[in-house]
Number of protein chains: 2
Amino acid sequence: MSSEEVTTRSRILQATLSLIERGNVAISMSTIAKEAGLSRQALYLTFADKADLFIAALRFADGRRGIVQEQACIRAAKTGTDALVAIVDLQARLSPAYKRLADAFELLRRQDAAAEKAWQDRQQDRLEGCRIVAARISAEGDLRADLTVEAAADLIWSTTSSTVWDDLVVKRGWNEMNYRTHLVELLLSWLKGSS
Amino acid sequence: MSSEEVTTRSRILQATLSLIERGNVAISMSTIAKEAGLSRQALYLTFADKADLFIAALRFADGRRGIVQEQACIRAAKTGTDALVAIVDLQARLSPAYKRLADAFELLRRQDAAAEKAWQDRQQDRLEGCRIVAARISAEGDLRADLTVEAAADLIWSTTSSTVWDDLVVKRGWNEMNYRTHLVELLLSWLKGSS
DNA sequence: CCTGGAGTTTACACCGTGTCAAGTGAGGAA
DNA sequence: TTCCTCACTTGACACGGTGTAAACTCCAGG
């Protein structure tokens, strides 16, 4: 179970992620096979189908970055407000790579229920993180009285999505600094409420 | 040029939109032809290719709803703040149909430059609307001093996207009322700024 | 009458996915 | 050494999607 072990499986996953991260959008099984130095058929010896391969690639990518560890950092923040900053921060750092993965999954999700589920599970994890932070802010008395923790979590979750990141940073050319400060301001002014 | 005229072209476009709005995601030329009561080849007599057809369908949909008229309503609002409410309101009403169109375009945009451009043009129109509203809010002295009109417009634009609407209303089950009040609060508290 | 336009059928080339059958080659066990 | 097995290769196929082409039908207008 050494993480450095080079199995055929890991070579395929590496090749897949390499293609995804290179921004190559239409990725065929042939392309992946070529990238991994294998025949197209060899992919089907390890993975049931394309969706199966991509789901494995998703988990592989999550494992390679320390997603769990990153999320622990959010939990370790001193206050709920700091945790919110950490969420925005994490999103600013991870979104470039995430966006590519999301794009690669876009086609597959519509056709394959398992791929859709894998993607939703991942979103669910992020939502769970947002919920915890919203609960902390509430517990610390920083949440406007007329907001529920649920509503706060949902809105934090949706505004810190990689789609919004893409709109602002990629499409509108914001730099990372602007993204972080403005998103934190946006959410905090709403959560704490004073107007 | 009667808008009620039933040409082959309009029958094809109707059929296409009907399939898109029915939530049918994988739409093939065969399916459209069947829906329109024509042979698959007939589609190619009117449209160069699938992207061409979908771009026409996009414009057709925009024309059928009075998009231009709707946007005039935003301009007609008494204050910049009212205009912002109108934007959120419009988005709440149009997003269900928009989201379907966006999904149908998702696949095409990656492959066809013209389809990508048509979609971007449309996004650009909405951004332009946000810019005008941001400028009005600024002119009326309601914009926080440390915010530029550009930044305000960008953030209004990205948080009122149909993706955020989908996240909140479809995925998180918000009702229209919640979506509208919370989004307006979110944006106004940030724009006017007091914390 | 006959011509052209709109639409039809049938066929093809090309590509992507997924399956199948037969072959190869290297390493381990007897 | 021989034999077996496992991982992998090659080549073929069915299926479905896009886009092109040729030939046929049908009908209205000159």
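**Figure 1. Chain B meets chain A.** Chain B brings 34 residues to the contact and chain A brings 34 residues too, where contact means heavy atoms within 4.5 Å. This is a predicted model, so local features need pLDDT of at least 70 and side-chain atom pairs count only at pLDDT 80 or more, while totals for chains, interfaces and linings use all residues. A few bookkeeping points: residues are numbered from 1 along each chain as its sequence is written, chains are lettered from A and ligands numbered from 1 in the order in which they are written, and side-chain values use heavy atoms, with hydrogens and water left out. About 3,000 Å² is buried between the two chains, and carbon and sulfur atoms give 63% of that. Buried area here is the accessible area (1.4 Å probe) that two parts lose on being put together, summed over both. On the chain B side, Arg110(B), Arg172(B) and Leu186(B) lose the most area to chain A, together 21% of what that side buries.

**Figure 2. Chain A by itself.** Chain A is built from 10 helices and has zero strands. Helices (H or I, at least four residues) and strands (E, at least two) are DSSP runs, numbered from the N terminus. Along the principal axes, the C-alpha atoms of chain A fill a box of roughly 60 × 35 × 30 Å.

**Figure 3. The surface near DNA strand C.** Have a look at the 16 residues around DNA strand C, where Arg40(A), Gln41(A), Lys50(A), Thr8(B) and Ser39(B) come closest. Of the strand C atoms that come within 4 Å of the protein, 53% are sugar and phosphate. A residue counts as near a strand if one of its heavy atoms lies within 4 Å of it. The surface splits into six nonpolar, six polar and four charged residues; Ala, Val, Leu, Ile, Met, Phe, Trp, Tyr, Cys and Pro count as nonpolar, Asp, Glu, Lys and Arg as charged, and the others, Gly among them, as polar. The largest share, four residues, comes from α3(B).

**Figure 4. Polar contacts to DNA strand C.** A polar contact to the DNA is a pair of N or O atoms within 3.5 Å. Gln41(A) reaches a base: one of its polar side-chain atoms lies 2.4 Å from a base oxygen of DNA strand C. Lys50(A) goes for the backbone of the DNA, with a side-chain N or O atom 2.8 Å from a phosphate oxygen. Met29(A) uses a polar backbone atom, 3.0 Å from a phosphate oxygen of the strand.

**Figure 5. Over to DNA strand D.** Here 15 residues surround the strand, and Thr8(A), Ser39(A), Arg40(B), Gln41(B) and Lys50(B) come nearest. Three residues of chain B have polar atoms by phosphate oxygens of DNA strand D: Lys50(B) through its side chain at 2.8 Å, Met29(B) through its backbone at 3.0 Å, and Tyr44(B) through its side chain at 3.3 Å. The elements giving two or more residues to this surface are α3 (40-46) of chain A and α3 (40-46) of chain B. α3(A) gives the most, with four residues.

**Figure 6. Charges over rings.** In chain A, the charged end of Arg122(A) sits over the ring of Tyr98(A), 4.3 Å from its centre. In chain B, Arg122(B) has its charged end over the ring of Tyr98(B), 4.3 Å from the centre. For an Arg, sitting over a ring means that CZ is within 6 Å of the ring centre and within 35 degrees of the ring normal.

Technical notes. A polar contact is a pair of N or O atoms within 3.5 Å; within protein, one must be able to donate a hydrogen and the other to accept it, and residues adjacent in sequence count only if both atoms are side-chain atoms.
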